[in-house]
Amino acid sequence: MLLDVQMCALRGFLTASQAAEWKHTVFGAAEAGSLLESLMNGDFEAVLLSPQVLDVLPGDGSCSEGEDIEAYLERRVLLYLAGGTNEDRSDRELAMMTLAASCLHMFAQSNWTGPPVSIHMSDLLPPGLCSQTLVEAIHSSLLLDGESVYSLVANPFLLLLAKVILTKCSSKMDSLQLLPWWTLRYINLHQQILEARSPQLLSLAQSSIDKVLKCKSLFSEQRNLAIQFHLECVYINLTYYEYQPAKEHINTAQELSKLNINLTGALGKRTRFQQKFLAQLIVEVKKMQEQPGQTDADATPVPTPQAMLPKDCMLGDDTVLDKINLAEPDQYELPDLSAEEQAVILGICTDFQKNNPVHKLTEEELLAFTSCILSQPKFWAVEVTALCLRARLEREKSRCIERAMMQTQVIVDHFEDKNCPVTERLKVFYCCNAQPRWIVQKQLASLLTDLGCMSSALLMYEKLELWEDAVICYERLGQHGKAEEIVRRELEKKETPSMYCLLGDILREHQYYDRAWELSGQRSARAMRSKALLHLRNKEFQQCVDCFEQSLKINALQIGVWFSLGCAYFTLEGYEGAAKAFQRCVGLEPDNAQAWNNLSTAYIRLRKKNKAFHTLQEALKCNYEHWQIWENFITVSTDIGDFAEAIKAYHRLMDLRENYKDIQILQILVKAVVENLTDSHGEPAGSLEPKLKELLGRVSSRHSNDSEIWRQYALLYGDGHGANPENNEKALQFLSKAHRCEVQAGGWEKEPALFKEVIKRTIDMGNVTISCSTMKSNPTEALQMLSSTRLSLRSLTTKAKQMHTDVATGQIHAELQDGVAALEELITELQELSGKLRDQSQ
């Protein structure tokens, strides 16, 4: 029974049969009954002001001198849990779980969903704690890993009380198997009010997920509740860059939902004046099997009346339609979706967004998801999240930016709307990743900035106390003095580490970061991060590294800091440190192509080329279009002997860069294939001959004037000395082309040493011509071959005599004498052969 109560509390509503049963059983429990009834009815304030809770929190009104609020709350809750008899122990634990759940719901209502709610802490705490610094003390207790809480967060006391119950006192609440799930929900809310990600919360989240997964009956009997849990795990994991676990949870949620979800094409019209139906991108959703009659295990929230949901603003454009007009709408009609099924589609959309690059195609795919979700407006959390995402995606489109701004304004205004009760807004709230109120308002201010309404955006940023964004606005307007003025004005009201950091950013002076560091009790990751960036700007790399290291000791979940630290180590030639920094960077963000590339560079410098090869493969998975990464990859592939990958990389570089050419790589590849060297996998490189021929064919067609490319092509065909006459003939063709390119290139005639090399190669070509001509069955073809080569040789002999004959003695340059003599002998031999062939043909 206790497990059923926890499941219903997590689900947030009762079925008709449960409501009748609970009235006579659960709601009658001494301690938790009335609290649970208020929780299920959505009257969270009644839970907070109930006699049981007032007996726990203010109690007799006494508190120890110097006791902080977190310690006081922990003491009072533990005292309550330890009181009573063994029989009513689980009842008391249930009462505290209900209190924690009510606090989380009210905190979400205050900052995420609305309508606004206010609490009076003087009713809930003894007078000794209700000082003017109480809110500051609460903020201090919620600060984690040097990351401060958003200054205007509403009712932070509620989150602190939930934190105490769910983290500090959970060890005394053993009978509640699903309490860690509430801890997970607390983590989700707490993380969103912090400046940056907290490693402490990540560790707590991982242990909480493991504990909930041990509850087998939840996953075997409660399908819809299991879907909600997996979706909540998706968002937690994505928040902390845990992409693989997130993918596993979203796949499990989709399997449980029995939905088949695919991006596909359908014929339709997108504009008012479109005459023909064209392929349009849509999301197709099919139910794998129709569900039989609903049971309590499959209980799902009742849809919210559409009039209570935020208005979906129409596009109202004179060209683009509000939605795609499909040629066959019935074929792609969306089935009637439950709350959990809509949340699964939204989860897949979010996971897709996190795992794909920022690109116009990705935006179109995400818009297809939002169109699908918004076509069935049923649940507040799903609707608002989808509308916010659509507004973010449309801000870059000139025809849609106006709708994006209006839609964001509607969502901001809806927070205050009292027509939609909080019970409706909280349906599947925790598995939808809705944005906090101030983030939506910040999105609106950002849209105003894009439209050039700087004054309106500034007013909004200042009202929200988003000082960093306000300063950026002033900097854009060129009002640097004004930016400094507002920060100093806020510092006069109250000195905080974040404001001193902001002043340091404006004035670029270390003293303000040092003051922030001191004020935070050496716990501000932001202060050390900003100080390091200033050192980096000033090219003081050793001090920069020291400050980055200190910042990362406080909070290791800072991708940008790990990346910058790696770059600083590179400058200091500390390649071990650089490798470690970039390793952490790609560990947190596996799709960071630049970090993978830099990691491979560090490995190359450390002479760990096999590791460099594998890291470059990862880099290319993230960014297939980055030619610099491909250049590094082809070099490392060749160095380690992975010739097959080097050939693929050469093709890709030719796709990306029209004039790409690397003779050295080609020489190594040809040598490996001709000499049949063993590659990095222990395979003979000779097996790659067809692929290398294909590559050289492509290279030679693009760089037909490069003699070395033709020589390498000839070498691949045996250089004219093979057993296959056809290959020898092809080699001769390539050698002839190499000779023509070399002669036409010029620049070698005046240098005897270079001239000698050309003569040597020409003699080789002459010898190949002789051997090929003897193998020819057709005398006419053989004659043509000999004549062509003889002309080339004679031309070279003439040029040698013209350029390098001493006028006084009439002698050819000593270095060329042997070569010219050999050329003349070869010409004579070719003439004799030609004469014989003529005789044969007559």
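For the residue classes used below, Ala, Val, Leu, Ile, Met, Phe, Trp, Tyr, Cys and Pro count as nonpolar, Asp, Glu, Lys and Arg as charged, and the others, Gly among them, as polar. The structure is a predicted model, in which local features need pLDDT of at least 70 and side-chain atom pairs count only at pLDDT 80 or more, while totals for chains, interfaces and linings use all residues. Residues are numbered from 1 along each chain as its sequence is written, and side-chain values use heavy atoms, with hydrogens and water left out.

**Exercise 1. The second largest pocket**

Task: Determine the volume of the second largest pocket and describe its lining.

Solution.
Step 1. Fix the terms. On a 1 Å grid over the protein atoms alone, a pocket is an open set of points with protein on both sides within 12 Å along at least five of seven lines, and a cavity is a set where a 1.4 Å probe fits but cannot get out; lining residues have an atom within 4 Å of a point. Grid points are joined across faces, edges and corners, and a volume is the space filled by probe spheres set on the points.
Step 2. The second largest pocket holds about 1,100 Å³ of space.
Step 3. Its lining comprises 33 residues, and those nearest the centre are Asp322, Lys323, Ile324, Ser371 and Cys372. Two or more lining residues come from each of strand S2 (278–287), strand S3 (320–326), helix H16 (360–374) and helix H17 (380–394). Here helices (H or I, at least four residues) and strands (E, at least two) are DSSP runs, numbered from the N terminus.
Step 4. Sorted by class, this lining contains 18 nonpolar, five polar and 10 charged residues.

**Exercise 2. The cavities**

Task: State how many cavities of 30 Å³ or more there are, and characterise each lining.

Solution.
Step 1. The count is two cavities of 30 Å³ or more.
Step 2. The largest cavity contains about 100 Å³ of space. Its lining consists of Trp112, Thr113, Trp380, Val384, Ile411, Val412, His414, Phe415, Gln435, Arg437, Val440 and Gln441. H7, H17, helix H18 (401–414) and H20 each give two or more of these residues. The classes are seven nonpolar, four polar and one charged.
Step 3. The second largest cavity has a volume of about 30 Å³. Trp112, Asn188, Gln192, Phe429, Tyr430, Asn433 and Ala434 line this cavity, giving four nonpolar, three polar and no charged residues.
Step 4. Trp112 appears in the lining of the largest cavity and in that of the second largest cavity.

**Exercise 3. Backbone features in loops**

Task: Locate the cis peptide bond at Pro115 and the positive phi values of Asn433 and Asn676.

Solution.
Step 1. Gly114 and Pro115 are joined by a cis peptide bond with omega about -10°. Pro115 belongs to the loop between helix H7 (89–113) and helix H8 (134–142).
Step 2. Asn433, a residue other than glycine, has a positive phi near 55°. It sits in the loop between helix H19 (422–425) and helix H20 (437–450). Because its relative accessibility is 24%, Asn433 counts as partly exposed (buried is under 20% relative accessible area, exposed over 50%, partly exposed in between, with a 1.4 Å probe and protein chains only).
Step 3. Asn676 is likewise not a glycine and has a positive phi of about 55°. The loop between helix H34 (663–674) and helix H35 (689–702) holds Asn676. Asn676 has 43% relative accessibility and therefore counts as partly exposed.

**Exercise 4. Separation in sequence and in space**

Task: Describe the settings of Ala527 and Thr15, and give one C-alpha separation for each.

Solution.
Step 1. Ala527 is part of helix H26 (residues 525–537). Its relative accessible area is 0%, so Ala527 is buried.
Step 2. Beyond its neighbours within four places in sequence, Ala527 makes contact (heavy atoms within 4.5 Å) with Cys501, Tyr513, Ala516 and Trp517.
Step 3. Ala527 and Gly746 are 219 residues apart along the chain, with their C-alpha atoms separated by 63 Å.
Step 4. Thr15 occupies the loop between helix H1 (2–11) and helix H2 (16–24). At 14% relative accessibility, Thr15 counts as buried.
Step 5. Thr15 and Ala299 are 284 residues apart along the chain, and 7.0 Å separates their C-alpha atoms.

**Exercise 5. The whole chain**

Task: Summarise the secondary structure and burial of the protein chain.

Solution.
Step 1. The protein chain has 40 helices and three strands.
Step 2. Of its 842 residues, 52% are buried.
Step 3. The C-alpha trace spans about 125 × 65 × 60 Å along its principal axes.
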